[in-house]
Amino acid sequence: MMIPQRRTVLFGAASALLGVPAARAQLTIDMTKPSFEPVPIAIVDFQGDAMGAQMATVIRNNLQNSGLFRSIPPGSFIEKNLGASSQPRFPDWRQVGAAGLVVGSVSSSGGSLKVDFRLWDVIASAQATGLSFTSQAANWRRLSHIISDAIYKRVTGEEGYFDTRVAYVSETGPLNNRVKRIAIMDQDGSNNRYITDGATIAITPRFSPTLQEIVYMAFGENKGPPRVYLQSVDSGRRELMGNFPGMSFAPRFSPDGSRIAMSLSQDGRTNLFEMDVRGRSQRRLTNSSAIDTSPCYSSDGTQIVFNSDRGGSQQLYVMPAGGGGERRISFGEGRYATPVWSPRGDYIAFTKIGGSGFGIGIMRPDGSGERLLANGYLVEGPTWAPNGRVLMFFRQERGGSVGLSAIDVTGRFERRVPTPTDASDPAWSPLIPQ
């Protein structure tokens, strides 16, 4: 994917141009309060090029789908055709209930695209932030995601997650002969493409936290032993990491991307191992007669959470990254699986299996504060957005199709993520480097 060639923050420059002081704006939201309300925001079609309306639509959808913003319908706007170089009539925007106003201008020439955008605090009658980009015209959708991230950060004080990708397992065909391919798309479902051809079953993609690479497991021809591959998302370069007969789950990267933790079945036992990504050396992390699976590193790389039946039922355990000192952290009714540590380090997400179905939940690393965010006939496989505020997972209702859903950590806002086929086992990328 093309990267913007220039990015400029416009705080002082825009204020000087328009004669408006760059005062501290009041356009904020405190997400620590359980009773917060979405911020009403007006997003005007960007002026100067037909592509501007498409960019505004992407930004509207991103912010609306986050659950933190309420997009005001363009049909209610009083002031029309407002560009990045014009000062808004703030009373008009207060009248339609807007707390924030997004405007922009787009110009294209010879395959290049120049985009200026401003976020105005309507309450304070002041500019909140602004950016300018020059990039290739084909990159317009990604620029829309970057602008969405800038708005999100200015209003919430936290990093956004819109300029990201999601890898998942695309499923087609009859249930008894499923074709499973690894696919990659933008977080909103656009730019979908496949990186495996479906000739063999490919499953459990996992993104590197530092690079745009994924690791996944694919079975050999004629259902031969599984192989683990490392593949670059952009170049398509793929390398074989190893053959691991009996491996339970695909590896997960350490936070620095140098190691992977995985479960291997050897001599009738399933234990956790760690592999050096480049040197391929391995070392054992657990040594028990139980089934230890689904390891995931903490955000600082010092601990690993995993699930194990060593206590008689499938529960979550945490141990130092070097192994030893395992301690159980889940004690609720039912079984726990697929734990994933938040990038913020504050929560562990998991799948919970009980008599009434499945659930997606979170708990603190010491096991306290457990709560379910979503439940259903089958909900499974959580993955975190890089800002630790949103989870994606896959959902299937009884007799229905399998698809992806996203939900925020409050559990208030769930949405379906569009995919061209059935989809399962999502994995969220880090922010794409600029």
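This short presentation covers a pocket, an open sheet and two buried residues in the structure above.

Colleagues, please keep in mind that this is a predicted model. I shall begin with the pocket. The largest one has a volume of about 510 Å³. Its lining comprises 24 residues, and those closest to the centre are Phe-207, Pro-209, Trp-341, Pro-343 and Trp-428. Which elements give two or more residues to this lining? They are the strands β10 (202–207), β14 (249–253), β18 (292–297), β22 (335–341), β26 (378–384) and β30 (422–428). Sorted by class, the lining of the largest pocket holds 15 nonpolar residues, seven polar ones and two charged ones.

Strand β30 leads us to the sheet. Four strands are arranged in the order β9-β8-β7-β30, forming an open sheet with antiparallel pairing. Which strands stand at the edges? They are β9 (193–194) and β30; each has a single partner strand, so one side of each has no neighbour in the sheet. For β30, the pairing with β7 (residues 165–172) is antiparallel and runs over five bridges. Within this part of the model, Glu-171 is found opposite Asp-422 of β30. Strand β30 thus appears twice in this account: it contributes to the lining of the largest pocket, and it stands at an edge of the open sheet.

I turn now to Glu-274, a residue of strand β16 (residues 269–276). Is Glu-274 buried or exposed? Its relative accessible area is 5%, under the 20% limit, and Glu-274 is therefore buried. Which side chains meet that of Glu-274 in polar contacts? One is the side chain of Arg-259, at 3.0 Å; another is the side chain of Tyr-297, at 2.6 Å. Beyond its neighbours within four places in sequence, Glu-274 is in contact with a set of residues that includes Ile-260, Ala-261, Ser-281, Gln-282, Arg-283, Leu-285 and Ala-321, along with Arg-259 and Tyr-297 themselves.

My last residue is Gly-242, which belongs to strand β13 (residues 238–243). Gly-242 has a relative accessibility of 14% and counts as buried, because the limit for that class is under 20%. With neighbours within four places in sequence left aside, the contacts of Gly-242 are Pro-226, Arg-227 and Val-228. As for Gln-266, the separation from Gly-242 is 24 residues in sequence and 15 Å in space, taken from C-alpha to C-alpha.

To close, I return to the two residues: Glu-274 is buried at 5%, and Gly-242 counts as buried at 14%. Thank you for your attention.

Conventions: Residues numbered from 1 in each chain as written. Predicted model: local features only at pLDDT ≥ 70, side-chain atom pairs only at ≥ 80, totals over all residues. Heavy atoms only, no water. 1 Å grid on protein atoms, 1.4 Å probe; cavity = no way out; pocket = protein on both sides within 12 Å on 5 of 7 lines; lining within 4 Å. Points joined across faces, edges and corners; volume = space filled by probe spheres on them. Nonpolar A, V, L, I, M, F, W, Y, C, P; charged D, E, K, R; others polar. Buried < 20%, exposed > 50% of the residue type's maximum accessible area, 1.4 Å probe, protein only. Contact = heavy atoms within 4.5 Å. Polar contact = N/O pair within 3.5 Å; in protein donor to acceptor, adjacent residues only side chain to side chain. Pairing = 2+ DSSP bridges.
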